[in-house]
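Subject: Structure handover

Hello,

Here is the structure I said I would pass on. Please open it first, then read the notes below.

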Amino acid sequence: MNYLSVEGLTKTYGERVIFRDLTFGIDQGQKVAIVAKNGTGKTTLLKCLMDLEPYDEGRVVYRNDVSLAFMEQTENLDDNHTILEEVFSHDLPELKVVKAYNQAMKSGDQQKVEAIFQELTELNAWDFEVRVNQILSVLKLDDSDKKIGLLSGGEKKRVALAKVLVSNADFLILDEPTNHLDLDMIEWLEEYLSKSKSTLLMVTHDRYFLEVVCDTILEMDDETIYKYKGNFSYYLEKKAERQDQLQSTVEKAKNLFKKELDWVRRQPKARGTKQKARLDSFQEIKKVASQRLDEDEMELPVKMERLGTKIVELHHISKSFGEKVILNDLTYNFQRKERLGVVGNNGTGKSTFLNIIQGLHPADKGKVVVGDTVRFGYYNQELIKIDEDKKVIDVIRDIAEFIPLEKGRQLSAAQFLERFLFPRSMHYNFVHKLSGGERRRLKLMTVLMSNPNFLILDEPTNDLDIFVMSVLEEYLRSFEGCLIVVSHDRYFMDKMVDHLFVFEGQGKVVDILGNYTEYRKLKSEKKKEAKPIQEEKPVAVAPKVDNKTKKKLSFKERSEFDQIEKEMEQLEIEKEELTNQLSDGSLSGDEIMKVGNRLAEVVSLIESKTDRWLELSEYM
């Protein structure tokens, strides 16, 4: 069943063509991602699809009965609303009754609570409330009475995401949903969207997300769109095949162009008998032969400033903000070619740690010793400012005209821009004309152009497209200095680092050998070991038997059967108590969330134990 049809969509800004004659469709249940270089028009396309931006030509047609929810990069929220009011601002019966129930609970109107309780039960909205509470909890929006106007940019982004997820819409359109989420949130969202029955169209630079969630990739390139029916790995494979074919076509066209050019030049200018068809064909060949194939990968053997034997030494470093402990007696010596990843939840002190290393923030206790030869390069989205009235190439030339390479060679500012996918046609554009991703790429280049030997990157991949990240990864592979990376991009971390500092909170920092995926496996294994047996295996699983030959239960199975009966009885009592607690109006908002979550767990346990009880009862 088709949910969206786009036919001949064209969008221009003055003389600049953003996209031309785009045609594609999205069917029910598809999970589609749009990938493209920054500035190609991904966000503009989404806005055109939502009728928030006018387009020049074409048609956008949705199925009549399809409900839509759109998450923009810039949050469109009401500052006077609370988090809960904003999340519940959908025209859904379940949301309305859950909102009314919460308001009645806060007002203490017992009569109203009882009336709404009946309505909640009839709509089966208890599960809906549990889902809403789970989403708010995972996205760390527990203070649901807080006004939107008081939130940080990252918190607003998470509210916008929560609002879309609870909408229960048939079709979700998401623009960079993983920005401003920590790693745990990203992995939860990945699982949530994978299991969701909603149709999905999104723009994201998270390559693991593209791999796990998506079944179709739309690539915007050359003002048009290419469709790949598969996940990110399939897309890379088929794109490589397409580029090889294009390379072959261009090479053939170049050879033919040389022959045709020689023929055109040999014809007398005054003669009017030139074959018109052949001249027209010549122009077509010239167009194909003139195509320039962008190479995302690059080799940059940069001549780095020499690092001495002493690099950076941390001696018993401690740092706190009031009662919040960031670092507690940390000692560590950085070695040559160090490749360190820093992970941890938001607010655990990762950025503070980076600032202490560079002497930008003082430590409360301990000493930081920096070697004489160390030259820091620090990329931080808030730290670097660019004059918006400057031209792109002048921003780079202000740092240096040339970057030194090995064997006495040099790379000019213009060549460096081209390596990072700024074509010559953009070099003399003003900064204020660049897209958000292009500006961040330019900021990153100002750091790299300064030729540091100790590189610190704090969230370098935010708002960078997958093509630029591929270029950055190639640059960093050949980087011979020390590297520290803070990133929520798991794919990037896996490729760049060989050990991790895990900030666990309250000053605890754990050094783990291996990349991010290895760390998550280790964490998952520890979680399983720490789980109580009853939680991990709510029902004991008996050895597999042939149901055709089995006549009666063993002594162990009979004991299990009796135990399940007792447990089910206790769980039913607990379920009734929890339901009564939710309906008596005496619980606070936090308590409602805890009781609702426990009720969902109890219902799940009852279901699994009932299945096992029925299985055993056949042989009683």
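The notes below cover the salt bridges. Please keep in mind that this is a predicted model.

Side chains of opposite charge can pair when their charged atoms come close. A search of the whole structure finds 27 salt bridges. A few of them are described here.

E190 and R490 form one salt bridge, at 2.6 Å from N to O. This pair links distant parts of the chain, as E190 sits in helix 7 (residues 183–195) and R490 in helix 16 (residues 490–496), 300 residues apart. Both E190 and R490 are buried.

K609 and E567 also meet through their side chains in a salt bridge, with an N to O distance of 2.5 Å. Here too distant parts of the chain are linked: K609 belongs to helix 20 (residues 589–617), E567 to helix 19 (residues 555–583), and 42 residues separate the two. K609 has a relative accessible area of 3%, so this residue counts as buried, the cut-off being under 20%. E567 has a relative accessible area of 22% and is therefore partly exposed.

R397 and E401 form another salt bridge, and their closest N and O atoms are 3.8 Å apart. R397 is partly exposed because its relative accessibility is 32%. E401, at 43% relative accessibility, is partly exposed as well.

Finally, there is a network of salt bridges that links R207, E473, D489 and K495.

Regards

Conventions: Residues numbered from 1 in each chain as written. Predicted model: local features only at pLDDT ≥ 70, side-chain atom pairs only at ≥ 80, totals over all residues. Heavy atoms only, no water. Salt bridge = Lys/Arg side-chain N within 4 Å of Asp/Glu carboxyl O. Helix = DSSP H or I, 4+ residues; strand = E, 2+ residues; numbered from the N terminus. Buried < 20%, exposed > 50% of the residue type's maximum accessible area, 1.4 Å probe, protein only.
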